[in-house]
Amino acid sequence: MKLMRILATKTGDVITVHPEQQIREAVRLLSEHNIGALVVVDAAGKPVGIISERDIVRRAADNEGVLAEQVRDIMTRRVIIGMPQDDLYSVINTMTEKRFRHLPIMDEGRLIGIISIGDVLKAQRDAYQGEIDTLETQIMADEA
């Protein structure tokens with residue numbers, strides 16, 4: 001299965017934030033859209049980082065003034081990017097080994113989506129359910 005199949009099930013735009021925005025704005029966006037991470041983009045819309053709820057919580061543990069800081073101060077700068085034609089199973093391995101839960105997706109230099117580990121698990125579950133349904137149909141046909 002390819003990532004484009006997961007992207008096809010998602011609706012809406014990728015929610016982004018700029019590096020110079022305050023963490024307060026990032027928190028507002030995360031809460032408003034009920035999401036766990038934001039892609040950080042430059043003025044041209046090119047990803048330059050990612051910031052997650054975990055990043056904010058970790059900083060807040062050491063700094064009560066975290067909401068006034070800028071996104072650039074705590075964002076992850078080395079972002080792993082996926083492409084629509086990437087294989088789901090290789091992405092699962094990468095996300096597990098590198099211990100991250102959100103993967104921005106680029107196509108022809110444009111940010112076109114983001115998938116979460118939850119999206120990946122749902123796609124995998126649905127694929128398994130499809131296989132189960134097929135096997136049950138075959139068994140029932142053989143018994144008839």
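This short talk walks through the fold of one protein, from its overall outline down to a few single residues.

Please keep in mind from the start that what we are looking at is a predicted model.

Let me begin with the whole chain, which contains 6 helices and 5 strands, and which, if you read along the sequence, follows the pattern α-β-α-β-β-α-α-α-β-β-α. The radius of gyration is 19 Å, well over the 15 Å that the globule rule gives for 144 residues, so the protein is more spread out than a compact globule. If you turn the C-alpha trace onto its principal axes, the spans come to about 70 × 35 × 30 Å. Of the 144 residues, 33% count as buried, and the protein exposes about 9,300 Å², with carbon and sulfur atoms supplying 50% of that area. Among contacts with a separation of 6 or more, 54% are between residues 24 or more positions apart.

Now let us turn to the first group of strands. In what order do the 3 strands of the open sheet lie? The order is S1-S2-S3, and the pairing is mixed. Strand S1, at 16–17, and strand S3, at 47–52, each have a single partner strand and stand at the edges, so one side of each is left without a neighbour in the sheet. Strand S2, residues 37–41, runs parallel to S1, and 2 bridges join them; threonine 16, for instance, has valine 39 in S2 as its bridge partner.

Across S1, S2 and S3 lies helix H2, residues 23–33, which runs at about 130° to S2. One residue in helix H2 is serine 31, and you may wonder whether serine 31 is buried or exposed. Its relative accessible area is 58%, and because exposed means over 50%, serine 31 counts as exposed. Serine 31 and alanine 44 are 13 residues apart in sequence, while their C-alpha atoms are 25 Å apart in space.

Finally, I would like to show you the strands S4 and S5. Strand S4, residues 102–107, pairs with S5 in the antiparallel sense over 6 bridges, and within this pair isoleucine 105 stands opposite glycine 113 in S5. The two strands form a hairpin with 2 residues between them, and in the turn glutamate 108 has a positive phi of about 50°. How many of the 7 residues of strand S5 are buried? In this strand, which covers residues 110–116, 5 of the 7 are buried, and S5 is therefore described as mostly covered, buried being under 20% relative accessible area.

Methods: Residues numbered from 1 in each chain as written. Predicted model: local features only at pLDDT ≥ 70, side-chain atom pairs only at ≥ 80, totals over all residues. Heavy atoms only, no water. Pairing = 2+ DSSP bridges. Helix = DSSP H or I, 4+ residues; strand = E, 2+ residues; numbered from the N terminus. Contact = heavy atoms within 4.5 Å. Axes fitted to C-alpha atoms, helices over the stretch in contact; angles between N-to-C directions. Buried < 20%, exposed > 50% of the residue type's maximum accessible area, 1.4 Å probe, protein only. Rg over C-alpha atoms; globule rule 2.2 N^0.38 Å. Areas by Shrake-Rupley, 256 points an atom, 1.4 Å probe, with all protein chains shown as cover.
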